Each structure stands twice: as C-alpha cells, then as structure tokens.
There are 2 protein chains.
Amino acid sequence: MDVQFKITKEFIEEIQEFVATGNRESIVQSIADLHEADVAEILDVISMDEAKFIFRLLDDEMASDVLVELDEDVRLEFLEALSAKEIAEQMDNMDSDDAADIMAEMSEEKQEAVIQQIEDPQQAIDIASLMQYEEDTAGAIMGTELICVNENWTTDQCIEEMRIQAEDVQYIYTVYVVDNDKRLTGMLSLKSLLFAKKGTLVKDIYIENVRYVNSDESTEEVASMMKKYDFVALPVLNPDNILIGRITIDDVVDIIQEEAEKDYQMASGISENVESSDSVLALTRARLPWLIVGLVGGVLGAEVIGLFEKQLGDFPQMAMFIPLIAAMAGNVGVQSSAIVVQGIASNNIDLSGIAGKLFKEFRVALLNGIVCSLLILGFVFAVKKDLTLGLTVSISLMAVIIFAGIFGTLIPLLLHKRKIDPALATGPFITTTNDVIGLFLYLYIGYLFYF
Amino acid sequence: MDVQFKITKEFIEEIQEFVATGNRESIVQSIADLHEADVAEILDVISMDEAKFIFRLLDDEMASDVLVELDEDVRLEFLEALSAKEIAEQMDNMDSDDAADIMAEMSEEKQEAVIQQIEDPQQAIDIASLMQYEEDTAGAIMGTELICVNENWTTDQCIEEMRIQAEDVQYIYTVYVVDNDKRLTGMLSLKSLLFAKKGTLVKDIYIENVRYVNSDESTEEVASMMKKYDFVALPVLNPDNILIGRITIDDVVDIIQEEAEKDYQMASGISENVESSDSVLALTRARLPWLIVGLVGGVLGAEVIGLFEKQLGDFPQMAMFIPLIAAMAGNVGVQSSAIVVQGIASNNIDLSGIAGKLFKEFRVALLNGIVCSLLILGFVFAVKKDLTLGLTVSISLMAVIIFAGIFGTLIPLLLHKRKIDPALATGPFITTTNDVIGLFLYLYIGYLFYF
C-alpha cells in the first residue's frame, strides 16, 4: 500500500518533461493512482498549455473531479476552452452543488447553453434551482444529493430504497427521515439501521431532535453551528419545512478558513482575496487602495505637523519622537481591533455591553500605557537629559495609547452593530486615524509644555 | 420539532435568576433539551459559583460532555474543585482523546491520582498512552475509539462484531479493515456493508488504497491533508503499520481555525492566544511585549532623526512628511508579509524559488510605488508649491515602498526556510524595522537634495 504519495517539484518537472516530448503513456501512468486534488494541484502550477494537454488525457470521472478541485482562475481558462457540450458532460458527473458553483463562474449565455446540454433532466433542474439562491446563504452551498427515508417504512424497505438513492451520493453521512408530506421529522444513524432487527419500523428507531437550517441562513451561521455542534452534515429546509438539501462539513471547512483568512487580509490592508501565485496586476490592485488610504492619512499628518511648524522650528528635538508616537498609536489600535474582530467572529455570547468592553480596554491600555510611558520617560531623561521632553513624550504616549485602544475597540463594535463587517475597520483605517490623532495629541501636549 | 433554539442574554439571565433563588427544578427543566455545547457556553459566561451550582445538577453523561466543551480557563477551575475520583468518573464517559487532552491540563500529581481511579482499565490505558505523544502531533489528537474488522470476515460477522465495538463509538465514520497481524489494509464503507449480499467476504468489497498518517506527523500536516482530500476521518498507524487510532474532522476544524487566527493575532502584535473575555492582566501580558518592541523601534527612529537634526532645523518642512514615510513603510511591509505567510500556511506547491518571489514583489512594489509617488508629488507641488520637497518625498517614498515590500517578503521566507514560524516576523517586527529604515532613506535622500 503506497498511498503516502506527496507531490514534489521533481515529480512535476518529470511530468512537464513528458508533456514536452508528447509522451502520453508515461503521463497516464504517472497520474493513474493520484487523487483528483493532487492532479488539480499539478495543473494549477504548470502552464495552461501543459495543463490542457494533461486534462485531455483524463477519463470522464477524473476530469470532472479535477475540474471541481482546480483553482478558480485556472478553471476559468479551462471553461473557456471547452464547448458547452463538453462542460455539460462534466456536470453530469458532478455533485449538484459543485456544478452550480462552477456554473456561477460562467457568463449567462454559456450557462443557458450548458444547462440545455445536460443529459440527466433531474441534474439540470437541481443545478438550475441551486443557482437561484443568493450567494453566501445555506441554499447556495447545499447539495441536493441526500438519502431520505419515510418514517413509516421498515428498515428493510429503507435499505432497498437507499440502494437506489445511494448511487448519486458519494458519502452517506446521515439518513434523513421525512413524513408523508416530505417534512423532515428526524434522522436515522447508519449504526442503528445496521443493527436493527428485521421488520423494525423507522419511526421506532430514529432520532427526533435534529438541527437544521433554512435555505436563506447565512453561511457564516451555518459554519458556526456545524463547528459548535461537531456536525458532519446539516439538513436544509425550505420555508414549508420540506427537506431540500444538505450541507457537508468539507464545504464548511473551506468557509471557516476563508473567514479567518479574510479577517487577517483586511487587517493587513489587502482588499481582495489574493494569493501569492496571483498575477502582479491582481496583487497590485488588492494592495493599492489601502496604500492610498495610508497616503491620505500621511498628508493629514503632514497638515497636523504644519500647524505646529513654528514650535517645531523652536524646539526641533520634538520632531525626534514623531514616528514613535505615530507607530505606537497604530500598534495599539491594531491590537485592540484584532481582539474585537476575533471576538465577533467566534460568535461567543457576551454579557458585557459596549460600555463594559470599553472600560475593560481602558484598563488594559492604562496598564500598557503606564509601563511604556515610564520606560520612555526613563530613556529620555537618562540619555537625553531633558526632563521637559521626557514628560512631554511620556504623557502624550499615555494619552495616545489610551485613545488608540478605545478607538480601536469602539469602531469595530459600532460597525458590527450596524451590520457592517468590522474587519473593514482594522488595518489601515484604524492605523491611519490613530496616527493622525496621536500626532495631534503629542504636538498639542508639547505646545502646552513649552509655552 | 423546536430545535432551532439559540442562547440569548435573556435566557441566561433567567437561569441566573433561578440560581439566585435556588430553583433547581426550573434550571433542570430549562437546560434539559440543550446540547452540551450550549450548556458549556452558558457556564463559560456566568460566574464560577453559578456555574458550579448548575454543573452539580447535570446527569453523568451530560456533565462529562459539558466538561469537554468548556473554555479551558473555566474548566481549570472546575477541575480544581472536583476530587480525583469525581474527575475519573467523568473520564470514564469521555472519548479517550478528549480525556487525554483534559488530563494534560492538570498537575502531574493529580493526573496520577485520576488515572488510578478510572474504572474501565482499557480506558485508563488508552488515556495514559495518548498522553505519551508529543503536543501538536497526530498521536496527541487522535482518538482510540474506532471500528475495525478483519479482512477475512464475512459481512455478517462484521456486523456482529461492530455491534460490540460500536458501543464506545459515537459516530462511525469509517470501518477500518486490518489483516491478521492488525496491520491496516484498507477500509469498508458503511454503504457497501449495508448493501452487501449475505456471506460476502470483507476482502472482496473493501477499498484498498487508504491514506493514513503516522502518529508523529504534525497536526498542521494532518489538517492540510484532511482539508485537501475532504476526509471526515483519517487513520493513524504506528511505525509497524498497526492501526492505533483515528482523527476526526471536528478536531481538525478547530486546528484549521486556530492556525488561521494565530497568524492574524501575531500580525496584530498579540503574542498569546487571548480572547476578549480573558482577564485584563492576561490581555495586557499578551500585548505589552510587542508594544515594547514598537517602543524600541521608536527610540531608534528618534536616533535616526537626531542624526539629521541640523538639516531639519534648516528645512523644517521636511519634518511634515516623517509620519507619512514611516506609515507607508509599515503598511507595505505588513501587506507583503501577510501574503507570504498565508501562502506558506496554505501549503501550496510553488515552482518559483525565493529569487522569483522577490522579483515578483519588486514588480508589485514598483507599480504601487509609481502610483503613490506621482500622487504625493502632485500634491506637494500643487498645494505646497515646493518642487524640491515634492521630489524628495516622492523619490524616497518610491525607495521606501520597494525596500519595505522586498524586506516584508524576504524575512518570512527566510524564517520558514529555517523552520521558524514566519508569522513571528509579521506585525510589529517588520513594521518597526521598516519604519526605521524608511526614515533613514527619507532623511538621507532629503540631505542629498538640499545640500
């Protein structure tokens, strides 16, 4: 059993060599035992021409599986190269939710052409109906493949029926139980089905209380439910409580990770979901907007300093600590907003209101401020032998740390209350605002001290 | 079916009221139908005395489930309040991996006392052996509860055996197949077991190629494998290929999320894994180290400015753009390091070496730099009517953006190469270094221009 295979750079270079020499046989042999995710990973990193050459050598089942696993930008190029009929053939083999996701990446024209070419009418209907759901809702990520039995059946009837239904379903996580009106009443564990005596009725062994979501529930809520309760699958109902699909944990794992990564990206001033492998233009586009925000902040900072130009001319040593104050304001703001954003993302209930949170942050900032201010007071007094400057820097540092902490806590909380993603506030916006206000506080306090 | 219950602040206040009036009956009634994760969530946020009062009202099964779900710091207080015998009773009901995790949170003395009091000798052995594995390895997160059949059995024998084994196993994700020497040879889907004809041999229907990990594999690798291949469970083997446990997706979901959140926290200058609900002291401790790093950076920045004190006295308008340059250096560095850190975390293969990545970042920085420099040149020239200052600021901004981008890319790549967590470099360290070097570049270029 040699399945612990890992793709290496050398392996890919070997494959590229086979492509260059047109050695189809060796390619087929090399990738024969690979998982679809591994094949997709190879196609993602080699050139498009090489990828297309290999893709044409895959059998039908593998080709559609690989298509699902590809990076979105690579897949887009594949879809453009394939005819509507070819895409439709692939979609016949896919899970309905994967097919609908890929369909959504195509132009409306192509969508219609593809739908008409899908052979299995039920699959075409399923895909079309899945595409109706709004993005980021349970409906948009659910699959329609599920195993569903009637509560009045016997377990033997169930197994007979499931044999038919299971053809379309790759993994049976759970067997759902419905009443005669197709309303969800509970679920049946495979365990209990396997161990049931002949002739047992479903209604006697099924589990009644089953959590579900409605199709318009947000994916964020779905993810947090599945994570909290350790579900591997979650049934989706329409407003009439009819079972219309199920969401599986593998889709949710991606959502959980993307959510956490998105917060990090926004805090770092990256406005689109980019990867290091994306093009130079895409990377620049994702980064430039926030740099311009920073630039505007810098210009405002320059204006603030301009207000105190005469004083700085008289006491040029004040200028030395401008970057320290600005940097500390930024750092404190980033810290406190990160804590708020992660707290909101983890969705824990919290008995303390906004005032309570601000008071807590005030106490944290006070502690941090006291330590940092004493350190800088000691440094300026001991090394620069300048008590006035030391007092100016340390007192304004204290004020800046407290202000930045409270501001960094308050803004994301307010945004969340107004249903705006609080992660928007972290990163350059809070950093920049804190910079500018921190500067003003420093120069104004200096002004009071020196005059 | 009313299972769509959500804990509200009002619900918790009602429970607190019941505790205050000693109304045990109403408490039991209120929480009777709750999921253990919900009960734990309530105990996490109320006071310790209230939580203990409620905990004593739970039945055995629920009590041990809730103990597993509690926040670590709340659980610690519970464990201190419980005797070794009481803890041992709870551990008899837990999955071995949960019990081992909790055991690891206690003092060695208490661990020994608890192990000796566990009734089921197999459970005691399982827990003790799980505790031998190093933290953050597959062995440390696996559970020993699994369903395992011999390849030479018939499916009926399997079902009989599984009935016995399944008592300990909450969810059967997969049935593992072993040979006579207990070496893993493959797995059996419940689907095929359910639909097999009477008398079929396991060896005729099982799936041969099964991915596994060794017990010393890192949890990061485990998580990336399960995510990539959409596994819900992964078998763990010892060096002799003997099946010793399995890792389930719910444990891995937590790891994936923690990993992503940790990167975000480090980038935000938070050195310990803290939540907004932690104590003021814990929050301060997590934040102060990075603020002191920032402080040292600020002092270095002050020294750099001190070097140019005379020039700043002659041309005080130079001081105006000090915060702009420092902020932009910080922003660019944070962006580029975030992209590298997420790229490393997502573990994609990458055919480009370090030089290729640096060249790409150079091009991105060049584009961003050109746009930002032209904007600031236009602003200073149009508003301040000062071409020399405009040229100084825009040329040094260009240099700073390119330097900060390359530095922010290089440092995490180098750390990763030396097997140090690259997230360490993001946040305050890169920001601070870029600040200082950016300042020097700015003032030096200004010096060249004005003299």
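These questions and answers walk through a predicted model.

Me: How many helices and strands are there in chain A?
Reply: Chain A has both kinds of element. The count comes to 22 helices and six strands.

Me: Is chain A a compact globule or more spread out?
Reply: The globule rule gives 22 Å for 451 residues. The radius of gyration of chain A is 30 Å, well over that value. The C-alpha atoms fill a box of roughly 90 × 65 × 45 Å along the principal axes. So chain A is more spread out than a compact globule.

Me: What share of the residues in chain A is buried?
Reply: A residue is buried if 20 or more other C-beta atoms lie within 10 Å of its own. Chain A has 451 residues. Of these, the buried share is 45%.

Me: Take contacts in chain A between residues at least 6 apart in sequence. What percentage joins residues at least 24 apart?
Reply: Two residues are in contact if their C-beta atoms lie within 7 Å. Among the contacts you describe, the share joining residues at least 24 apart is 70%.

Me: What distance separates the centres of domain 2 and domain 3 of chain A?
Reply: The domain assignment puts domain 2 at 147–258 and domain 3 at 280–450. Domain 1 covers 9–136. Taken over C-alpha atoms, the centres of domain 2 and domain 3 are separated by 51 Å.

Me: How many residues of helix H22 in chain A are buried?
Reply: Helix H22 spans residues 428–450 of chain A. From first C-alpha to last, H22 reaches 32 Å, close to the 33 Å expected. The helix is mostly covered. Of its 23 residues, the buried ones number 17.

Me: Is A:Lys419 buried or exposed?
Reply: A:Lys419 sits in the loop between helices H21 and H22 of chain A. Its phi is positive, about 65 degrees, although it is not a glycine. A residue is exposed if 12 or fewer other C-beta atoms lie within 10 Å. A:Lys419 has 6 such neighbours, so it counts as exposed.

Me: Which residue in the loop between strands E5 and E6 of chain B has a positive phi near 65 degrees?
Reply: Most residues other than glycine have a negative phi. This one is not a glycine, yet its phi is positive. The residue has 17 other C-beta atoms within 10 Å and is partly exposed. It is B:Asn241.

Me: What is the C-alpha distance between A:Val149 and A:Val202?
Reply: A:Val149 lies in strand E1 of chain A. With 22 other C-beta atoms within 10 Å, A:Val149 is buried. Its contacts beyond four places in sequence include A:Val202. The two are 53 residues apart in sequence, but their C-alpha distance is 8.3 Å.

Me: How far apart in space are A:Val210 and A:Leu184?
Reply: A:Val210 lies in the loop between helix H14 and strand E4 of chain A. It has 18 C-beta neighbours inside 10 Å, so it counts as partly exposed. A:Val210 and A:Leu184 are 26 residues apart in sequence. From C-alpha to C-alpha, the distance is 8.8 Å.

Me: Leaving aside neighbours within four places in sequence, which residues are in contact with B:Ala399?
Reply: B:Ala399 lies in helix H21 of chain B. With 20 C-beta neighbours inside 10 Å, B:Ala399 counts as buried. B:Thr426 is 27 residues away along the chain, and its C-alpha is 21 Å from that of B:Ala399. The contacts asked for are B:Leu441 and B:Ile445.

Me: What kind of axis relates chain B to chain A?
Reply: Chain B can be laid on chain A with an RMSD of 0.1 Å. This takes a turn of 180 degrees and a shift of 0.0 Å along the axis. That is the relation of a two-fold axis.

Me: Which residue of chain B comes closest to the rotation axis?
Reply: The distance is taken at the C-alpha atom. The closest approach in chain B is 2.5 Å, by B:Tyr264.

Me: How many nonpolar residues does chain B have on the side that touches chain A?
Reply: The contact takes 100 residues from chain B and 100 residues from chain A. The copies meet through the same surface, because 99% of the interface residues of chain B are also interface residues in chain A. On the side of chain B, 23 are polar and 19 are charged. The nonpolar ones number 58.

Key
Residues numbered from 1 in each chain as written. Chains lettered and ligands numbered in written order. Predicted model: local features only at pLDDT ≥ 70, side-chain atom pairs only at ≥ 80, totals over all residues. Helix = DSSP H or I, 4+ residues; strand = E, 2+ residues; numbered from the N terminus. Rg over C-alpha atoms; globule rule 2.2 N^0.38 Å. Expected span 1.5 Å × (residues − 1). Least-squares fit on C-alpha atoms with pLDDT ≥ 70 in both. Nonpolar A, V, L, I, M, F, W, Y, C, P; charged D, E, K, R; others polar. Domains from an automatic or database assignment.
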